[in-house]
Amino acid sequence: MAETDTAEDGPKKKKGLLIPLLVGLVLAGGGGAGGYWAVTSGPLAGSVESASDDGQGDEEEDEVVTHIRPELEEVAFVPLEPLVISLGPGTAGRHLMFSAELEVAPDDAEEVTHLLPRVLDVLNSYLRVIDMEELNDPRTLVRLRAQLLRRIQIVTGDVLVRDLLVTEFVVN
């Protein structure tokens, strides 16, 4: 009698697993089909249309290109001298090699270039106090870049320097 109970439990468990599996597959297929529709022809579809052969295709292409790539502001880059900073007495002669460029408006490049000694002083002063443990953190560069940009903007004025672009950040 115990054997018949065990035999009856086996098929019931398989049937109980089959229904949720089929429901899940149907829902996954419906979700995939709905996502495909939304991206290709639904609310998330792009507005790029193919050019027609009636002579107006060039104007439509220009509109599409302008829509995809907006006009960029004119910028100039003021390179900073590469800095080599010793990392302190506890680091056994290790150094940080740092170089960057300042993003400025083309009209402000000469004024920012004139202020570069002050900018380099701020960079040196800030980077000298960074300890080795902080440099090992992968998120450090983002934090340092924000801190350095703020200090540079204090020296040069908020409107002259738009951004700091780090081109080299090597600890050896």
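Which residues does phenylalanine 77 touch, not counting residues up to four places away in sequence? Glu101, Leu102, Glu103 and Leu165. Keep in mind that we're looking at a predicted model here.

Let's stay with Phe77 for a moment. Phenylalanine 77 sits in strand S1, and its relative accessible area of 42% makes it partly exposed. One of its partners, glutamate 101, is 24 residues away along the chain, yet the two C-alpha atoms are separated by 6.0 Å.

**The whole chain**

Now zoom out. The protein chain is built with 6 helices and 4 strands. Walk along the sequence and you meet them in the order α-α-β-β-β-α-α-α-α-β. The chain has 172 residues, and 25% of them count as buried. If you take the contacts between residues at least 6 apart in sequence, 63% join residues at least 24 apart. As for the outside, the accessible surface comes to about 12400 Å², with 57% of that belonging to carbon and sulfur atoms.

**Inside the core**

How many residues does the largest nonpolar core have? It has 30 residues, and Leu80, Leu102, Leu123 and Leu127 are the ones with the most contacts inside it. Several elements each supply at least two residues of this core, including strand S1 (76–79), strand S3 (95–104), helix H6 (140–156) and strand S4 (161–171). The largest share, 6 residues, comes from H4.

Leucine 102 gives you a feel for this. Leaving out residues up to four places away in sequence, leucine 102 touches Phe77, which we've already met, and others, among them Leu80, Val119, Ile152 and Leu164.

**A patch on the surface**

Not everything nonpolar is tucked away. Leu18, Leu21, Leu22 and Leu25 make a nonpolar surface patch of about 390 Å². If you want to find it, look for leucine 21 in helix H1 (residues 2–40).

**Threonine 140**

Is threonine 140 buried or exposed? Its relative accessibility is 1%, so threonine 140 counts as buried. You'll find threonine 140 in helix H6. A polar atom of its side chain lies 2.2 Å from the backbone oxygen of glutamate 134. Beyond residues up to four places away in sequence, threonine 140 touches Glu134 and Leu135.

**Salt bridges**

Side chains of opposite charge can pair when their charged atoms come close. In this model, the count comes to 5 salt bridges. Here are some of them:

| Pair | N to O distance |
|---|---|
| Arginine 162 and glutamate 73 | 3.6 Å |
| Arginine 143 and aspartate 137 | 3.5 Å |
| Arginine 145 and aspartate 163 | 2.7 Å |

What do the pairs join? Arginine 145 is in helix H6 and aspartate 163 is in strand S4, so their salt bridge ties together parts that are 18 residues apart in sequence. Arginine 162 also lies in strand S4, while glutamate 73 is in the loop between helix H2 (57–68) and S1, so this pair ties together parts 89 residues apart in sequence.

How much of these side chains can be reached from outside? Glutamate 73 is exposed, at 63% relative accessible area, while arginine 162 is partly exposed at 33%. Arginine 145 is partly exposed too, with 32%. Arginine 143 has 39% and counts as partly exposed, and aspartate 137, at 21%, is also partly exposed. Finally, Asp137 and Arg143 aren't just a pair: together with Arg139 they're linked in a network of salt bridges.

Key: Residues are numbered from 1 along each chain as its sequence is written. This is a predicted model: local features need pLDDT of at least 70, side-chain atom pairs count only at pLDDT 80 or more; totals for chains, interfaces and linings use all residues. Side-chain values use heavy atoms; hydrogens and water are left out. Patches are made of residues with over 30% relative accessible area and no salt bridge: like charges are joined within 9 Å, nonpolar side chains (Val, Leu, Ile, Met, Phe, Trp, Tyr) within 5 Å. Accessible areas come from the Shrake-Rupley method with a 1.4 Å probe; for residues, only the protein chains shown count as cover. A salt bridge is a side-chain nitrogen of Lys or Arg within 4 Å of a carboxyl oxygen of Asp or Glu. Buried means under 20% relative accessible area, exposed over 50%, partly exposed in between (1.4 Å probe, protein chains only). Contact means heavy atoms within 4.5 Å. A nonpolar core is a set of buried Ala, Val, Leu, Ile, Met, Phe, Trp, Tyr and Cys residues joined through side-chain atoms within 4.5 Å. A polar contact is a pair of N or O atoms within 3.5 Å; within protein, one must be able to donate a hydrogen and the other to accept it, and residues adjacent in sequence count only if both atoms are side-chain atoms.
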